[in-house]
Amino acid sequence: MSIATLYPSHFFLSPPPHASLLHDHPSPMSILRHLNLRPLNLRHRPIYAAAAVRQDSTVWTQAPLRLIQPAAESLFHVTIDVSENPDLAFSHTRPGQYLQLRLPDSAKPAFLAIASPPSLAVSDGVFEFLVKTVPSSTAELLCGLRIGDVVELSQVMGRGFDVDQINPPKNFQTVLIFATGSGISPIRSLIESGFSAQKRSDVWLYYGARNLQRMAYQDRFEDWESSGVKIIPVLSQPDDIWKGERGYVQAAFSRVKQILNPLSTGAVLCGHKGMTEDVTSILVADGVSEEKILKNF
């Protein structure tokens, strides 16, 4: 099947500037064209000196926004400068970890998975996030801020994805990755941290979204595929022209799955609870060890 049969080329999203498990499944990534979203018209504000305050058992560290721009419909890229807080930056050690973020004049925090790989905090002094706007939430207020505005971050939290459970690569040739919506955020951290995908014969990412306009990181798909990850987009409410996978991620996987050796298969899941529960049940029923099914919570 050609790429063009999945979706006519003039409807695709293109990236912005700046022996397989599924033998017959094409990779539609090269045909996606960029969402017609432009960065917000943001005015630079002065960067304030960072400070840490303790409230109860949480240490809150002030840090300025370095970048905020649309990532997809209802989703924003948010970059926060932690270069003045090396202890905080170095505490991000595993993909899949998260932290709390709050605005100085709002006591209610938001829990956000860190989208960038741990190495980026060390090299560039930033944490990157994929933030979904929810009405009347801290996330919505965050997405309305401007460059230089200050937020407060908690310590980095969570165990993240224990990639050691699916290493060495020669023993776990098949790795199945599942993400829905903004759950792709820690999956990006995983892929860009490097888990030797190129040394495994079958690495698949099933990524579910309502439609292409709500699918973030399309500009990164080519790089992810070049690292050894084959991407299957699954749209629950596509238009009539979409020829790729439809419905929910777990159903799409059930239709085409072919787990040849469950003992050498691992999985990584992040997204809607129903998806993670259903996929876990499917994998365990097929003989995949639950210890090899990685979640970040």
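**Talking through the buried core strand β9 and its surroundings**

Trainee: How many of the residues of β9 are buried?
Mentor: Strand β9 is largely enclosed by the rest of the structure, because its residues are buried (under 20% relative accessible area with a 1.4 Å probe, protein chains only; exposed is over 50%, partly exposed in between). Bear in mind that this is a predicted model, where local features need pLDDT of at least 70, side-chain atom pairs count only at pLDDT 80 or more, and totals for chains, interfaces and linings use all residues. Residues are numbered from 1 along each chain as its sequence is written, and side-chain values use heavy atoms, with hydrogens and water left out. For β9 the count is 8 of the 8.

Trainee: Which residues are buried on the two sides of β9?
Mentor: In a regular strand the side chains alternate between the two faces of the sheet. Both faces of β9 are covered, with Asp202, Trp204, Tyr206 and Gly208 buried on one side. On the other side, the buried ones are Val203, Leu205, Tyr207 and Ala209.

Trainee: What is the order of the strands in the open sheet?
Mentor: Strands of a sheet pair through backbone hydrogen bonds, either parallel or antiparallel. Here the pairing is parallel, and two strands count as paired if DSSP finds at least two bridges between them. The sheet has 6 strands, running β11-β10-β9-β8-β12-β13.

Trainee: Why do β11 and β13 each have one side without a neighbour in the sheet?
Mentor: β11 (245-246) and β13 (293-294) stand at the edges of that sheet. One side of each is left without a neighbour because each has a single partner strand.

Trainee: Which residue of β9 is the bridge partner of Ile177?
Mentor: Strand β8 covers residues 174-180 and pairs with β9 in the parallel sense. That pairing runs over 7 bridges. For Ile177, the partner in β9 is Leu205.

Trainee: And in β13, which residue stands opposite Val268?
Mentor: β12 and β13 also run parallel, joined by 2 bridges. Opposite Val268, you'll find Leu294.

Trainee: How many helices and strands are there in the chain?
Mentor: The elements are DSSP runs numbered from the N terminus: helices are H or I with at least four residues, strands are E with at least two. Over the chain of 297 residues, buried ones make up 52%. The tally is 8 helices and 13 strands.

Trainee: Which residues of α5 are buried?
Mentor: Helix α5 spans residues 184-193, and 8 of its 10 residues are buried, so the helix is largely enclosed by the rest of the structure. Just after α5, Gly194 takes a positive phi of about 85°. The buried set in the helix is Ile184, Ser185, Pro186, Ile187, Arg188, Ser189, Leu190 and Ile191.

Trainee: How many disulfides are there?
Mentor: Cys143 counts as buried because its relative accessibility is 6%. Cys270 gets that label too, at 9%. A disulfide is a pair of cysteine sulfur atoms within 2.5 Å, and by this rule the count is 0.

Trainee: How far apart in space are Glu84 and Val126?
Mentor: Glu84 sits in the loop between β3 (75-81) and α2 (86-90). Glu84 counts as exposed because its relative accessibility is 61%. In sequence, Glu84 and Val126 are 42 residues apart. In space, C-alpha to C-alpha, they're separated by 9.9 Å.
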